[in-house]
Amino acid sequence: MALRAVLGYSTIIATAADGETAMTLTLAQARTILDKTLAAGREKKLKPLGVAVVDSRGALRVYAEEDGNPIMRSKIASGKAFGSVAFGSGSRRLHQIGVERPHMAAALIELAGGAFVPVPGGVGVSGDKSDNDEAAAVAGIEAAGFVAETGG
């Protein structure tokens, strides 16, 4: 079973770099993803980020947001991560489904109780442009020894 490391409530699928798969994400791994994602955001001079890391069950392991974030940031980040884990696909693929079949995306959002944000590139990070959110997330995931799959 692949380990899904989610930053926000949208997910990215991450598999251990050595090819092994895991069913759980340790707190230490989740914190590494969180810390390295935030560090990558600062290095790239991105807008303040909100980062949610969830395990393969979609359970939130850690969340943090930098100063200056609006109140909805945590819900957006969590929605990105949840969607990826719940549907087993990176956020870019979920966005593509929404573009190609908006009725399907609307149904998935409804079925998920609104806890699904089909936005490209975010992989559980929210705060800057989707591509920048994704780049920061990938840096954090790789720093924890996983390989990110963004759905693109």
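**Exercises on a predicted model**

In this predicted model, the side chain of Asp133 has a polar atom 2.9 Å from the backbone nitrogen of Asp128.

**Exercise 1.** Determine in which helix Asp133 lies, and whether Asp133 is buried or exposed.

*Solution.* Step one: Asp133 belongs to helix 5, which covers residues 130–143. Step two: the relative accessible area of Asp133 is 1%. Buried means under 20%, so Asp133 is buried.

**Exercise 2.** Compare the expected span of helix 1 (residues 27–43) with the distance between its end C-alpha atoms.

*Solution.* Step one: helix 1 has 17 residues. The expected span is 1.5 Å times one less than the number of residues. Step two: this gives 24 Å for helix 1. Step three: the end C-alpha atoms are 24 Å apart, in agreement with the expected value.

**Exercise 3.** Identify the buried residues of helix 1 and establish how they are arranged about its axis.

*Solution.* Step one: the buried residues of helix 1 are Ala30, Ile33, Leu34, Thr37, Leu38, Ala40 and Gly41. Step two: viewed down the helix axis, these residues fall within an arc of 160°, and therefore line one face of helix 1. Step three: on the face turned away from the buried side, helix 1 carries the exposed residues Ala28 and Glu43.

**Exercise 4.** State which elements supply at least two residues each to the largest nonpolar core.

*Solution.* Step one: the core has 18 residues, and those touching the most other members include Ile33, Leu34 and Phe146. Step two: helix 1, strand 3 (50–54) and helix 5 each supply at least two residues. Step three: helix 1 gives the largest share, five residues.

Methods: Residues are numbered from 1 along each chain as its sequence is written. This is a predicted model: local features need pLDDT of at least 70, side-chain atom pairs count only at pLDDT 80 or more; totals for chains, interfaces and linings use all residues. Side-chain values use heavy atoms; hydrogens and water are left out. Helices (H or I, at least four residues) and strands (E, at least two) are DSSP runs, numbered from the N terminus. Buried means under 20% relative accessible area, exposed over 50%, partly exposed in between (1.4 Å probe, protein chains only). The arc is that of the directions from the helix axis to the C-beta atoms. A polar contact is a pair of N or O atoms within 3.5 Å; within protein, one must be able to donate a hydrogen and the other to accept it, and residues adjacent in sequence count only if both atoms are side-chain atoms. A nonpolar core is a set of buried Ala, Val, Leu, Ile, Met, Phe, Trp, Tyr and Cys residues joined through side-chain atoms within 4.5 Å.
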